[in-house]
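Reader: I have the sequence and the model open side by side, and I would like to see how the labels follow from the numbers. Could you take me through them?

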Amino acid sequence: MDPGNESDYADYVEQAWPSLVRAAVFLGARPDEAEDLAQTTLVRCYTGWDRVRSADNRDAYVYRMLLNCLRDSRRTRWWKDRRYDDPLALEQQDARRARSGGDATERVAIADAVHRALGGLSKPNRDVVVLRYFVQLSEKQTAAVLGVPAGTVKSRLSRALAHLATNDHLLDIAGERQ
């Protein structure tokens, strides 16, 4: 890669890193897995930087790469054989965080409620919500990332929002804030 492209790529990485990690977390990856996915995505961007740079919609192209990296990682034998965390251990960890007090407690509770609510959505609906609201892509961009028509994005989003509106985790948070 020539120095000019290298500089463009470095600027893009610096700008895109936080949103790629955040999107991967909201798509269902743990924070450490999200960083690995973002890094893998950016490595793929580096190897194909000419295609990424010349894409009509660079963000849609890169988020599509992120989704593909996530799907690839979930197909591996390691992922299938992985044991999930013990729910009791997760509750104890949440309790320790809550006891730490401070202003972060409410933010942690809200983030936990959002993660649990998103976890209750089907994978296609969660993808649409994350790309549309957390990554802030337009309907057209979201459709391009997912490879579906814009009408499908709208219908999935409608179903997902209806489901989230009745989600107990989010209702609990809304009740506490009143």
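Author: Happy to, and please keep in mind that this is a predicted model. Let us start with Glu139, which has a relative accessible area of 27% and is partly exposed.

Reader: Why is Glu139 called partly exposed?

Author: Buried means under 20% and exposed means over 50%, with partly exposed in between. Glu139 has 27%, so Glu139 is partly exposed.

Reader: What makes Glu139 and Lys154 a salt bridge?

Author: The closest N and O atoms of the pair are 3.8 Å apart. The cut-off is 4 Å between a side-chain nitrogen of Lys or Arg and a carboxyl oxygen of Asp or Glu, so this pair counts as a salt bridge. Glu139 lies in helix H9 and Lys154 in helix H10, so the pair ties together parts that are 15 residues apart in sequence. Lys154 is partly exposed too, with a relative accessible area of 46%.

Reader: How many salt bridges does the rule give?

Author: The count comes to five. Among them is the one between Asp127 and Arg71, where the closest N and O atoms are 3.8 Å apart. Another joins Asp127 to Lys123, with the closest N and O atoms 2.7 Å apart. Arg71, Lys123 and Asp127 are thus linked in a network of salt bridges.

Reader: Where do Asp127, Arg71 and Lys123 sit?

Author: Asp127 lies in helix H8 and Arg71 in helix H4, so their salt bridge ties together parts that are 56 residues apart in sequence. Asp127 and Lys123, on the other hand, both lie in helix H8, four residues apart, about one turn of the helix.

Reader: Is Asp127 buried or exposed, and how do you know?

Author: Asp127 has a relative accessible area of 2%. Buried means under 20%, so Asp127 is buried. Its two partners come out in another class: Arg71 has 29% relative accessibility and counts as partly exposed, and Lys123, at 30%, also counts as partly exposed.

Reader: How do helices H4 and H8 cross?

Author: The axes of H4 (residues 58-75) and H8 (residues 123-134) come within 13 Å and cross at roughly 145°. The crossing is right-handed. On the H4 side the contact is made by Tyr63, Leu67, Leu70 and Arg71, and on the H8 side by Lys123, Asp127 and Leu131.

Reader: Which kinds of residue make up that contact?

Author: Four are nonpolar, three are charged and none is polar. The charged group consists of Arg71, Lys123 and Asp127, because Asp, Glu, Lys and Arg count as charged. Tyr63, Leu67, Leu70 and Leu131 are the nonpolar ones, because Tyr and Leu count as nonpolar.

Reader: What does Tyr63 touch beyond its neighbours in sequence?

Author: Leaving aside residues within four places in sequence, Tyr63 is in contact with Ser19, Leu20, Ala23, Leu131, Val135, Leu137 and Val145. In the largest nonpolar core, which has 43 residues, Leu20, Tyr63, Leu66 and Leu131 touch the most other members. Helix H1 (3-26) gives the largest share of this core, nine residues. In soluble globular proteins, nonpolar side chains tend to be buried together.

Reader: Why is Thr41 called buried?

Author: Thr41 has 0% relative accessibility, and the limit for buried is under 20%, so Thr41 counts as buried. Thr41 lies in helix H2 and touches Val62, Met65, Leu66 and Cys69, not counting residues up to four places away in sequence.

Reader: And what makes Trp17 partly exposed?

Author: Trp17 has a relative accessible area of 31%, and partly exposed lies between the 20% and 50% limits, so the label fits. Trp17 has its place in helix H1. Trp17 touches Glu35, Ala38, Gln39 and Leu42, leaving out residues up to four places away in sequence. The C-alpha atoms of Trp17 and Ala38 are separated by 6.9 Å, while the two residues are 21 residues apart along the chain.

Reader: How many helices and strands does the protein have?

Author: The protein has 11 helices and zero strands. Of its 178 residues, buried ones make up 33%.

Notes. Residues numbered from 1 in each chain as written. Predicted model: local features only at pLDDT ≥ 70, side-chain atom pairs only at ≥ 80, totals over all residues. Heavy atoms only, no water. Axes fitted to C-alpha atoms, helices over the stretch in contact; angles between N-to-C directions. Helix = DSSP H or I, 4+ residues; strand = E, 2+ residues; numbered from the N terminus. Left-handed = near helix turned anticlockwise from the far one by under 90°. Contact = heavy atoms within 4.5 Å. Core = buried A, V, L, I, M, F, W, Y, C linked by side-chain atoms within 4.5 Å. Buried < 20%, exposed > 50% of the residue type's maximum accessible area, 1.4 Å probe, protein only.
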